[in-house]
Amino acid sequence: MRKLPRLYPRTIYGQMVTLVSVCMFLTLSITPFLLYAFRPLVPPLPGGPWTNILAIETGIEALQAAPPQFREAIAQKISGNGLNFSVGPTPACAVVPTDPMTGFIQHMLVSRGNLGNHALRARSCAGHDEHMPMSYLSLSHENISVLVYNSHNHHIGHMMHWTMPLTVSLVFLVTITLSLTFWSIWHISRPLRNIAAQADAFGYDSTPDPLPEHGPTEVRRLTHAFNRMQARIAASAEERTRMLIAIGHDLRTPLTRLFMRLELGGEEASPAAMKHDLTLMKKMLNGTLHFLREQTHAEKAEAIDLASLLESLCHEFSVVGHSIHYSGPAQLICICQTTPLERAFSNLIENGLKYGTDVTVSLKSEGHRALIDIRDNGPGIPDNLLASARLPFYRLDPARASDGGLGLGLSIADAIITRHNGQLSLSNIKPHGLRAHIALPLGIVSKPCKPGGL
């Protein structure tokens with residue numbers, strides 16, 4: 001069954017953009033519904049002296065226009081929300097010093113001129129709160145009076161009704177945003193916590209299992225890089241252990257012979273015999289030191305003629321009596337580290353000449369890569385040992401220790417080619433022979449390996 005395409009983005013940037021976009025879309029979608037559901041049919045007037053002035057003016061005009069017998073009933077109906085209208089006897093009022101709000105209301109009503117030319121009396125009366133008096137207004141000729149509470153006309157119910165859509169939208173936005181943010185942080189940080197735990201445990205376990213690669217693309221790349229680093233460090237530690245074992249094992253043989261020569265004396269302890277063993281030991285140690293130096297070689301990359309380099313190597317081996325042939329273009333430019341790459345090719349050619357009598361070196365280009373084949377007519381390598389042949393200090397023939405060989409030729413060549421972002425593969429040729437195939441980029445060379453890395 002064909003899988004549906006994954007709509008959720010894989011990158012951290014894409015996930016955060018998606019989360020914010022979804023939150024904004026949901027909020028903008030819900031806000032119009034809330035505005036429609038909670039909108040008041042007739043919006044109430046906000047509190048404050050201006051609206052009280054309008055309400056007082058409108059109420060008095062309504063009472064003035066009504067027949068006398070209906071004024072009392074109308075006054076009761078329009079009273080409320082801090083305004084009490086009355087018709088008839090003057091309500092009781094404990095007079096206090098005039099409050100500024102009282103004078104302001106009187107001044108505004110008179111200046112507007114909508115209540116006629118009759119005198120409007122105003123005084124302040126003691127209210128329920130001694131710090132907030134009431135304003136008492138009266139038109140004596142109409143027997144109309146108004147008692148105004150000078151406090152701000154705040155109505156919690158109305159305010160809740162006005163602010164409900166905005167409040168609910170804001171709460172919804174904050175809730176969704178926080179929920180998705182906490183989830184995304186947990187989802188992103190979980191692989192990072194695993195990497196931190198694995199890095200902490202790596203000091204105690206030299207061969208840990210690789211971390212699973214999941215999460216956003218950036219985290220998966222980090223996990224992949226960490227796994228590769230972990231594998232390289234583990235391989236380096238294993239290589240150093242193998243190197244110490246190999247050196248100790250190989251040096252033990254000439255050292256034992258030296259002790260025996262000294263004990264036996266005579267011809268066995270001759271300077272020539274002892275010099276042979278010492279030379280063999282020196283050759284082993286020099287080979288090891290050269291291998292370690294090769295890991296940190298920092299030669300600057302430059303453009304060279306790869307065809308000319310291979311042809312020169314073949315000529316150098318042929319002038320000393322070896323059967324070696326080159327085939328390929330007359331020129332092929334490659335950006336690389338000349339000396340290490342020349343050593344890698346030389347090691348592979350020497351390996352072919354050591355086990356065979358004829359070596360063929362071929363070169364061709366394919367896209368942005370150079371393909372080099374080094375073939376010999378030797379016995380080849382057993383198929384089950386092809387992968388191990390490139391390991392440092394691994395010898396297919398243990399008897400080769402007697403000639404000072406440490407099994408580093410293929411290892412050095414593989415490390416140098418890998419450092420150039422290339423690949424070295426070994427395969428057997430039927431009916432006999434070995435083929436070393438090198439795929440080498442023609443462009444940019446990578447940075448030199450750090451100490452201990454391959």
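Student: How do I put a word to the angle between two helices?

Tutor: Angles under 35 degrees count as roughly parallel, over 145 as roughly antiparallel, 65 to 115 as roughly perpendicular, and the rest as oblique. Keep in mind that this is a predicted model.

Student: At what angle do α8 and α9 cross here?

Tutor: Helix α8 covers residues 306-318 and helix α9 covers residues 338-355; their axes cross at roughly 40° and come within 11 Å. The two helices are therefore oblique to each other. As for handedness, the crossing of α8 past α9 is right-handed.

Student: Which residues make the contact?

Tutor: From α8 come Leu306, Leu309, Leu310, Leu313 and Phe317, while α9 supplies Leu341, Glu342, Phe345, Ser346, Ile349, Glu350 and Leu353. Sorted by class, this contact holds nine nonpolar residues, one polar and two charged.

Student: Now a strand pair. How many bridges join β11 to β12?

Tutor: Strands count as paired when there are at least two bridges between them. Here, six bridges link β11 (residues 423-428) with β12 (residues 434-441), and the two strands run antiparallel. For a landmark, find Ser425, which sits opposite His437 of β12.

Student: What lies between the two strands?

Tutor: Five residues, so to speak the turn of a hairpin formed by β11 and β12. Look there for Gly433, whose phi is positive, about 125°.

Student: And how many helices and strands are in the whole protein?

Tutor: The protein has 10 helices and 12 strands. Of its 454 residues, 36% are buried. Among contacts between residues at least 6 apart in sequence, 67% join residues at least 24 apart.

Technical notes. Residues numbered from 1 in each chain as written. Predicted model: local features only at pLDDT ≥ 70, side-chain atom pairs only at ≥ 80, totals over all residues. Heavy atoms only, no water. Helix = DSSP H or I, 4+ residues; strand = E, 2+ residues; numbered from the N terminus. Axes fitted to C-alpha atoms, helices over the stretch in contact; angles between N-to-C directions. Left-handed = near helix turned anticlockwise from the far one by under 90°. Contact = heavy atoms within 4.5 Å. Nonpolar A, V, L, I, M, F, W, Y, C, P; charged D, E, K, R; others polar. Buried < 20%, exposed > 50% of the residue type's maximum accessible area, 1.4 Å probe, protein only.
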